[in-house]
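Reader: I would like to go through the labels attached to this model one at a time. For each, please set the value against the criterion.

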Amino acid sequence: MADEHGRKWDRCLADTAVKTVTGISVGIVLSVLFFKRRTWPVSLGSGMGLGMGYSNCQHDFRSPYLLHGNMVKDQ
Amino acid sequence: MLRVFLRGANTKAQKCLYGRAHPTNLQHHRHYTSGESSGAAKVVAVGLVTLGSSIGGTVLYAKWDPKFRTAVEKNIPYSDWLLGMALGPNPYSPVTAHKKQVELSQPPSMMTEESRSSKIKKEKNIKEEPSVSTASETTSAPVYSAQSIEEECKECHHHGDTPVPAMVEAVDSMTEGPLKERPAEEVTARLAQQEQEDQDILASVSASLEESLASSAKTTLQAIGAQEAALQAIGSHTHKLKEAMEAEVPPDQKSAQWRDLETALAERRSTVNDAGAALLKARDALDSLRSVIDKAKESKVAAVQPLVLAAEENLHSMVVDLDQAVTKVQSAESEAKIVSQYTELVNEAKRQFQKELSSLTPEIQANWKGLTGKLSADDLNALIAHAHRRIDQLNRELAEQRVREQVHIEAALEQQKLEDQKALDKAVHTATQHSKEEARLEQERKLSELREVMEAEMRTQLRRQAAAHTDHLRDILKVQEQELRSEAEQVLNSKMLEQETHYRQLTQEQLDNFTLDMNAAYARLKGMEEAIDSHVIAEEEARKAHQLWLSVEALSYTLKTAGSDLPTKPLESAVQAIQDSCCNNEFALALASALPEESLRRGVYSEASLRSRFNSLRSMVRRVALIDESHNSLYQYFLSYLQAALLFEEKQAMPPTQLTNEDLDPFKLLSYASYCLEHEDLELAAKFVNQLRGEARRVVQDWLTEARLTLETRQVVTLLSAYANAVGLGTTQAP
């Protein structure tokens with residue numbers, strides 16, 4: 001079970017890195033294409049990427065504690 | 001830095017100052033010590049003075065009080081040596097007191113019972129007989145001098161008196177310690193010894209006496225013989241001399257006669273000398289005999305006396321004979337002197353005549369008888385005239401002589417009387433001596449006779465006493481015999497009775513013992529049979545138990561086959577073996593089936609592997625310590641990581657006996673669990689780990705299940721082995 005923690009972290013970091021890089025690249029593209037080489041799309045993209053990765057990470061770590069409820073329709 | 005340096009310098013300066021202050025201090029100390037030393041010397045001196053005074057006081061008081069001295073000597077080890085050196089030996093010591101006690105006990109012991117004393121007296125009498133006889137001799141001498149020989153009772157009294165002091169003396173001399181009677185053997189031995197001694201003395205004395213007697217007799221005889229010879233010689237000489245003087249023999253025979261005379265004279269001289277020498281020798285021998293006799297007289301042996309007496313008589317007779325011979329010789333000598341005087345006178349006259357003749361006729365010499373032809377008439381006339389003149393002269397002298405005859409005769413008579421008187425005195429003296437000697441010898445003889453008579457008398461009395469004593473003893477012995485016999489019979493009977501009862505007791509005991517033994521043996525036999533039967537059953541049980549135990553051991557061995565991080569072999573086969581071996585044992589079956597499936601299929605991890613896993617888990621748990629259901633964001637994760645980085649807890653902490661809320665902190669729990677694991681208490685560690693909550697718990701879940709599995713299996717196996725051991729112990733018999 002301890003390995004899972006490590007595995008989670010690996011996934012998390014990898015995922016975050018990928019997302020951040022993707023965000024940065026999209027930002028760069030957008031900045032270059034649409035926003036006159038301003039930095040704000042890059043930071044936006046990186047931020048978005050980081051945020052997504054962070055959120056994923058958090059969700060991954062939280063997953064054992066999430067309760068999945070089923071709605072039971074009254075019939 | 002500077003401050004430190006300054007501090008160091010200060011300390012150094014202080015040290016120097018202090019060092020310089022030290023000598024003064026030391027000087028003060030030295031003053032004190034010297035003061036102290038003078039004080040110490042004073043103390044020592046005072047101590048010595050007190051010691052010496054106490055010793056001196058003790059010695060002085062011991063000198064004054066002997067009891068104190070004895071007390072001191074008793075209590076203090078070497079004080080008796082010291083006190084002896086200082087004061088001399090202890091007059092009042094327990095040793096002298098003891099001696100006094102012994103002496104005091106002597107007089108009461110001397111006052112013995114009558115029979116005992118009489119017995120002792122009798123024995124002493126028998127022993128002291130020789131000494132008593134001499135004592136009686138000395139006592140009877142005054143008795144004899146008083147001439148009361150017939151008073152025998154007085155003699156007995158004396159006998160009675162002398163033994164008592166003798167006995168007392170003997171007792172005193174003999175018994176220093178307790179008074180005891182000499183045994184009869186000793187007495188007879190002593191008597192025999194005494195007799196032997198007496199015999200020896202007697203023999204020696206008689207031998208000496210005989211010897212001296214013989215020698216003295218020989219010498220006396222020799223002396224007497226010599227005296228006789230001397231007498232003879234003197235007689236012959238005088239006779240010859242007379243003959244020579246008076247007889248007219250022819251001249252040639254005259255010279256022969258004169259020669260004979262000279263030889264006779266020489267002979268006489270020699271014999272007289274021999275007689276003198278022999279006399280001396282005889283006197284010496286007699287003196288020695290006398291001394292021997294005196295010595296013999298001193299000895300106390302009674303039997304010596306007659307010998308002594310005889311010797312004395314012999315001596316006396318010899319002395320008498322010797323004296324007689326000497327007197328004879330002396331008379332002969334006096335006669336011879338007269339004759340020699342006569343011859344001298346004659347010779348003198350002849351010489352005178354010769355001288356006158358020679359003066360008258362100077363040319364004629366020597367023998368005038370042969371000169372008849374040679375003489376002339378003148379010569380003859382002169383000769384005749386001379387002869388006439390001579391005759392006238394002689395006639396005148398004769399007349400004078402006749403006149404003076406009476407006076408001369410009276411004087412001669414007086415002289416003769418005196419000489420006779422002297423001779424008489426001497427003879428009387430010797431005769432009185434002889435008679436005295438004879439009387440003394442007579443007395444001694446009578447004395448010895450009396451002594452013998454007395455001795456015989458005493459012997460008869462003693463014999464009578466001894467006979468009476470033996471009769472008395474016989475009677476007493478008879479009585480004693482009777483008494484002792486009855487006593488002995490009594491004792492014998494009682495002993496016999498005792499022995500019989502004892503014997504009966506013993507036999508009864510033996511019978512009882514035998515019955516008991518038989519019963520015991522029978523019971524034992526029965527017991528043995530039962531024991532053997534039960535043994536068989538027990539062995540069967542034991543075999544089964546052994547089988548079970550072996551299978552359980554196999555199972556527990558399989559538990560050990562866990563490598564590090566590898567589980568053990570599956571326990572299925574071992575469990576199967578157990579189930580086979582204990583088919584009729586429900587407990588074992590239940591236990592065997594209680595093992596968890598996982599262990600059967602897969603095996604369990606060893607504790608060591610779990611421990612190592614835990615150590616790696618620990619860091620993980622520390623990192624996610626803050627994460628639980630509600631706090632599980634990534635920020636929480638960051639905080640948790642920070643906490644893990646910054647918080648230090650003990651690696652191992654001893655868990656308390658009761659957990660409080662504080663102890664449920666994961667870090668604390670981890671340290672407790674780690675401690676437990678280090679101390680090989682997996683169960684407790686698992687319990688502690690079980691308390692983790694949240695993410696930490698999720699992390700250690702696997703570990704926990706593994707631990708639980710291991711614990712379960714181990715528990716079952718322990719139970720089984722304990723059960724197998726119990727069964728085994730129960731069935732196996734102790735050797």
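Reader: What makes E414(B) partly exposed?

Author: This is a predicted model, and the value is computed from it. E414(B) has a relative accessibility of 45%. Partly exposed covers the range between under 20%, which is buried, and over 50%, which is exposed, so E414(B) counts as partly exposed.

Reader: Why does K417(B) count as exposed?

Author: Its relative accessibility is 53%, and the cut-off for exposed is over 50%. K417(B) therefore counts as exposed.

Reader: How do you know that E414(B) forms a salt bridge with K417(B)?

Author: The closest N and O atoms of E414(B) and K417(B) are 4.0 Å apart. The criterion is a side-chain nitrogen of Lys or Arg within 4 Å of a carboxyl oxygen of Asp or Glu. The pair is accepted as a salt bridge. Because E414(B) and K417(B) are three residues apart in helix α12 of chain B, about one helical turn separates them.

Reader: What makes E186(B) and R190(B) a salt bridge?

Author: The N to O distance between their side chains is 3.9 Å, and the limit is 4 Å. E186(B) and R190(B) both lie in helix α9 of chain B, four residues apart. E186(B) is partly exposed at 33% relative accessibility, and R190(B) is partly exposed at 32%.

Reader: Why is it said that the salt bridge of E706(B) and R602(B) ties together parts of the chain?

Author: The side chains of E706(B) and R602(B) meet at 2.9 Å, N to O. E706(B) lies in helix α20 and R602(B) in helix α15 of chain B, so the pair ties together parts that are 104 residues apart in sequence. E706(B) has a relative accessible area of 11% and is buried, while R602(B), with 27%, is partly exposed.

Reader: Which residues are joined into one network by salt bridges that share partners?

Author: The network consists of E4(A), K8(A), E695(B) and R698(B). Over all chains, a search of the whole structure finds 29 salt bridges.

Reader: How do you know that a salt bridge crosses the interface of chain A and chain B?

Author: E4(A) and R698(B) have their closest N and O atoms 3.7 Å apart, against a limit of 4 Å. The rule finds one salt bridge across this interface. The count of residue pairs in polar contact between the two chains is five. On the side of chain A that touches chain B, α1 and α2 each supply at least two residues. By class, that side has eight nonpolar, two polar and three charged residues. Chain A and chain B bury about 1400 Å² between them, 61% of it on carbon and sulfur atoms.

Reader: What makes the pair N632(B) and R62(A) a polar contact?

Author: Their side chains are joined at 2.6 Å, and the distance limit for N or O atoms is 3.5 Å. A polar atom of the N632(B) side chain also lies 3.2 Å from the backbone oxygen of E629(B). N632(B) sits in the loop between α16 and α17 of chain B.

Reader: Is N632(B) buried or exposed?

Author: N632(B) is at 3% relative accessibility, and buried means under 20%, so N632(B) counts as buried. Leaving aside neighbours within four places in sequence, its contacts include Q58(A), Y65(A) and Y637(B).

Reader: Why are H434(B) and A223(B) called buried?

Author: H434(B) has a relative accessible area of 16% and A223(B) is at 0%. The threshold is under 20%, so H434(B) is buried and A223(B) counts as buried. H434(B) lies in helix α12 and touches H316(B), V319(B), V320(B) and D323(B), not counting residues up to four places away in sequence. A223(B) is found in helix α9. With the same exclusion, A223(B) touches A278(B), L279(B), A282(B) and L322(B).

Reader: How do you know that C12(A) and C57(A) are joined by a disulfide?

Author: The S to S distance is 1.1 Å, and the criterion is within 2.5 Å. The pair is listed as a disulfide. The torsion about the S-S bond is about -120°, so the disulfide is left-handed. C12(A) lies in helix α1 and C57(A) in helix α2 of chain A, so the pair ties together parts that are 45 residues apart in sequence. Both C12(A) and C57(A) are buried.

Definitions and conventions:
Residues numbered from 1 in each chain as written. Chains lettered and ligands numbered in written order. Predicted model: local features only at pLDDT ≥ 70, side-chain atom pairs only at ≥ 80, totals over all residues. Heavy atoms only, no water. Buried < 20%, exposed > 50% of the residue type's maximum accessible area, 1.4 Å probe, protein only. Buried area = accessible area lost by both parts, 1.4 Å probe. Polar contact = N/O pair within 3.5 Å; in protein donor to acceptor, adjacent residues only side chain to side chain. Nonpolar A, V, L, I, M, F, W, Y, C, P; charged D, E, K, R; others polar. Contact = heavy atoms within 4.5 Å.
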